[in-house]
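This briefing is meant for a reader who is meeting the structure for the first time. Please look over the sequence and the model before going on to the notes below.

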Amino acid sequence: MTWKGDEFLECLYEEAKKRRIRQYDGERPEEKKERLKLALADSLGTFDRAENLEPALLERVECDGYVRERIELTAVQGLSFGAYVLIPTGTTEGESMPGVIAVHGHGYGSRQICGVLEDGSEDRGAADIYNRFAVQLVRKGMIVIAPDVIGFGERLLDKDLKADPRSPSSCYTLSAHLLMLGKTLTGLRVTEMRGVLDYFASRREVDPARIGIAGFSGGSLIAYATAALDDRIRAALLIGFPNTFKDSILAVHHCLCNYTPGILAHAELPELIGLIAPRPLFLESGAHDPIFPAAGFEKA
């Protein structure tokens with residue numbers, strides 16, 4: 001017996017694992033895949049989709065080797081957001097290119113991965129941890145869309161900005177409110193990302209049969225769940241996130257946005273990422289990542 005509960009939590013984790021094995025012993029792979037997709041979608045919660053994406057072009061800037069558009073979209077009823085679209089220069093009329101949805105994580109939003117500073121000016125300094133990966137992708141000849149994830153940058157809540165003008169995110173406030181409503185912040189973000197996919201696949205420059213998704217850190221959480229639930233995503237790149245729940249968000253203090261109610265009753269994280277199969281998947285982990293440890297990555 002213990003007062004503090006450490007061993008109790010460990011027992012609960014192990015009991016959930018044993019229960020999963022007992023309950024689904026003998027399940028065929030196709031059955032497991034459909035069950036886990038339904039369980040993931042249910043755990044994330046549902047949101048009312050907007051009937052019309054209502055795309056609006058806000059600006060168009062000529063950059064070195066590509067054009068950067070700023071657009072506004074509506075994917076969830078009552079919410080709109082900005083996104084950058086990066087288009088390689090030199091493309092011919094009617095040509096369709098492979099496309100990538102680039103999903104940022106914690107930071108100041110899509111600007112951070114598109115070579116733009118927080119104030120909207122061009123970023124000509126040394127690259128930060130994101131290494132402007134959306135720009136890297138467009139320079140490889142792909143059209144890229146980088147949406148603003150709610151809770152960061154220009155999508156911080158007024159409530160959080162009032163409390164702290166330098167607030168890094170609104171993840172806690174959004175997550176807590178949505179959990180009380182039986183929903184999750186990941187569910188909201190994934191719903192918006194699927195709206196982004198709807199818009200992106202409709203653009204004349206994009207080949208809808210060749211759309212991938214790339215996520216970094218918290219962006220990889222959104223990217224994996226979007227790819228798992230939507231087969232229109234034909235390939236996925238997950239950076240600085242793949243792990244086991246036990247070795248990452250259950251072992252290290254993490255942002256509340258990482259937690260999905262009830263999901264361990266159905267699967268560990270590697271099984272959920274496995275829903276992307278048989279589509280191509282590339283995983284990247286930092287050897288010294290303190291919050292998604294390398295040991296957990298290797299185990300996963």
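Two residues are said to be in contact when they have heavy atoms within 4.5 Å of each other. The model shown here is a predicted one, and the notes go from the whole protein to a single residue, Val103.

**Overall form**
- The secondary structure of the protein is made up of 9 helices and 8 strands.
- A compact globule of 300 residues would have a radius of gyration near 19 Å, and because the protein has 20 Å, the two values agree.
- Taken along the principal axes, the box filled by the C-alpha atoms comes to roughly 65 × 45 × 40 Å.

**Burial, surface and contacts**
- Of the 300 residues in the protein, 50% count as buried, while the exposed area is about 15200 Å², with 55% of it supplied by carbon and sulfur atoms.
- Where contacts join residues at least 6 apart in sequence, 67% of them link residues that are at least 24 apart.
- The protein has 35 positive and 43 negative charges, and the mean positions of these two groups are 2 Å apart.

**Val103 and its surroundings**
- Val103 belongs to strand E4, which covers residues 97–103, and this residue counts as buried because its relative accessibility is 0%, where the cut-off for buried is under 20%.
- Beyond its neighbours within four places in sequence, Val103 is in contact with several residues, among them Phe133, Val149, Met193, Phe216 and Ile222.
- Between Val103 and Gly240 there is a separation of 137 residues in sequence, and their C-alpha atoms are 12 Å apart in space.

Technical notes:
Residues numbered from 1 in each chain as written. Predicted model: local features only at pLDDT ≥ 70, side-chain atom pairs only at ≥ 80, totals over all residues. Heavy atoms only, no water. Helix = DSSP H or I, 4+ residues; strand = E, 2+ residues; numbered from the N terminus. Rg over C-alpha atoms; globule rule 2.2 N^0.38 Å. Buried < 20%, exposed > 50% of the residue type's maximum accessible area, 1.4 Å probe, protein only. Areas by Shrake-Rupley, 256 points an atom, 1.4 Å probe, with all protein chains shown as cover. Lys, Arg positive; Asp, Glu negative; His and termini not counted. Charge placed at Lys NZ, Arg CZ, Asp CG, Glu CD.
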